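Visitor: I am new to this structure and should be grateful for a close look at a single part of it.

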Amino acid sequence: MKKTKINLRLIIGFALILMLALALIMSGTLAKYTNKIIIANEVDYTNQLADSFRLLDKPITVQEDGSYTVDTSSGAEPMSGFSYKLIPGVMLPASPYIEIVNKTVIPAYLYLEIDNSGAAELEMDGSWKLLDGVSGKKGGTVYSYGDEALVGEAQAGATEETTASGSQADDDVLTFTTFIVKTLSKIPSETEGSVKVYAYMIQKVGEQSAKDAFQAAPAP
Amino acid sequence: MRSKSKPPVAAIAAAALLCLVLISMHMTAGMFARYTVKAEGPEDSSARVAAYNASAEAPTEGPVTIIANGTDENGIATYAVKLKNDSEAAVRYDAEVNFNNEDDRAKFDGDDGKLTFSGNLAPNEVTEETVTFDMSEYFKKNDKWNTFGNDDISGESGIVPFEVDVKFTQID
């Protein structure tokens, strides 16, 4: 019986010391100076070259004398929607252009790939330069738009509409002006007589040239 | 043989109450002591509560812009936070970048990223810490750094709101 009483006193004593120590620690913590400051902002990021990138053209209509003219009264449409008959000796005017909306500050080269199956001769605008020895992603001839990469003026993610640097026919359109099918060098079969145009925009990484950037990019 | 005695319940309860009273007295006394000024000794001696003013500031207008890999930014952007201790006591600061949507944190897991920082400031000391947002790995993983195509834009743009939470604590 006596042993039990001693244990009880010990337990009460320990509990008392423990609670006092706890109270000491807690009171010390609560008494410290503390404050919290929150700073809010946002990260605006992009690895896009532009918001929109399209190859457009206006329709070509046949005149009474058999010639073709560009229908300037019509709005531009995606070039993939056009289909014309290539007639030997008849010139087909066309003015396809590349529309770039909200070019970002990421530098990028602009390219055209022409695959005409050898059935037509095209007159390129002077701004386009043939990339010698470069085969296109679709097997065609590749041109770069000058030697310099395009850089947009807007900050990444900016909402205002901006355009690529370079010659511009309209406020928000970058063009390569007239592109003419002069004459057919031979009478093609139906499968040979096609002219396909592809446009590409590829990021310039480091000091890459237009040729290097095109060759380094994977096929679409 | 004597019968088995019952545990002294009243004694235990009394001891517990005593403890609570002591704790309350201790805490209350501590709180009052923080707001008490006591002067002793010569007339030009005094005691007062130490001044406390720790602050952090950084730009809140204009986003932190990160541009794709291969550019000068190379998928990385920094954000400087100025920390100032105008207190008469030393302080410790612990800071962390938090996102409104925690899923966004994974976008900044590049090797050079730094989304937390901490340190000490002596009284009247000023320092600057840098948060580093590193999206280079994110851009690589998603293979979105090369836009390519006809009527086709790849890549990604976005805005990620964030907060830098800076907590200051007095050092004993």
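Visitor: What percentage of the contacts in chain A with a separation of 6 or more is accounted for by residues 24 or more positions apart? Please then look closely at the open sheet with mixed pairing.

Guide: Residues are numbered from 1 along each chain as its sequence is written, while chains are lettered from A and ligands numbered from 1 in the order in which they are written. This is a predicted model, in which local features need pLDDT of at least 70 and side-chain atom pairs count only at pLDDT 80 or more, whereas totals for chains, interfaces and linings use all residues.

To the first point: residues 24 or more positions apart account for 72% of those contacts in chain A. Two residues are in contact if their C-beta atoms, placed from the backbone, lie within 7 Å. Chain A has 220 residues, of which 29% count as buried, that is, with 20 or more other C-beta atoms within 10 Å of their own (exposed means 12 or fewer, partly exposed in between; C-beta atoms are placed from the backbone). Chain A holds 2 helices and 14 strands. These are DSSP runs numbered from the N terminus: helices are H or I of at least four residues, and strands are E of at least two.

The sheet in question is open and has 5 strands, in the order 2(B)-1(A)-7(B)-4(B)-5(B). At its edges stand strand 2 (64-67) and strand 5 (116-121) of chain B; each has a single partner strand, so one side of each is left without a neighbour in the sheet. Two strands pair if DSSP finds at least two bridges between them. From one strand to the next, the twist averages 25 degrees; axes are lines fitted to C-alpha atoms (for helices, over the stretch in contact), and angles run from 0 to 180 degrees between N-to-C directions.

Consider strand 1 of chain A, residues 34-46. It is joined to strand 7 of chain B by 13 bridges, and the two run antiparallel; here Glu42(A) stands opposite Pro161(B). With strand 2 of chain B, strand 1 of chain A pairs in the parallel sense over 4 bridges, and Thr46(A) has Ile67(B) as its bridge partner there. Strand 7 of chain B, residues 157-170, is also joined antiparallel to strand 4 (residues 91-99) of chain B by 9 bridges. In that pairing, Phe99(B) has Phe162(B) as its bridge partner.

Other pairings may be set beside this one. In chain B, strand 3 (residues 76-85) runs antiparallel to strand 1 (residues 54-57), with 4 bridges between them, and Ala54(B) is the bridge partner of Asn85(B). Strand 3 of chain B also pairs with strand 6 (residues 126-134) in the antiparallel sense over 9 bridges, where Ala80(B) stands opposite Thr130(B). In chain A, 4 strands form an open antiparallel sheet in the order 9-10-7-14. Its edge strands are strand 9 (128-135) and strand 14 (196-203).

As to confidence, the model scores ipTM 0.71 and pTM 0.64. Chain B has a mean pLDDT of 81, with 77% of its residues reaching 70 or more; pLDDT is the predictor's confidence in each residue, from 0 to 100. Over residues 144-151 of chain B, pLDDT stays under 50.
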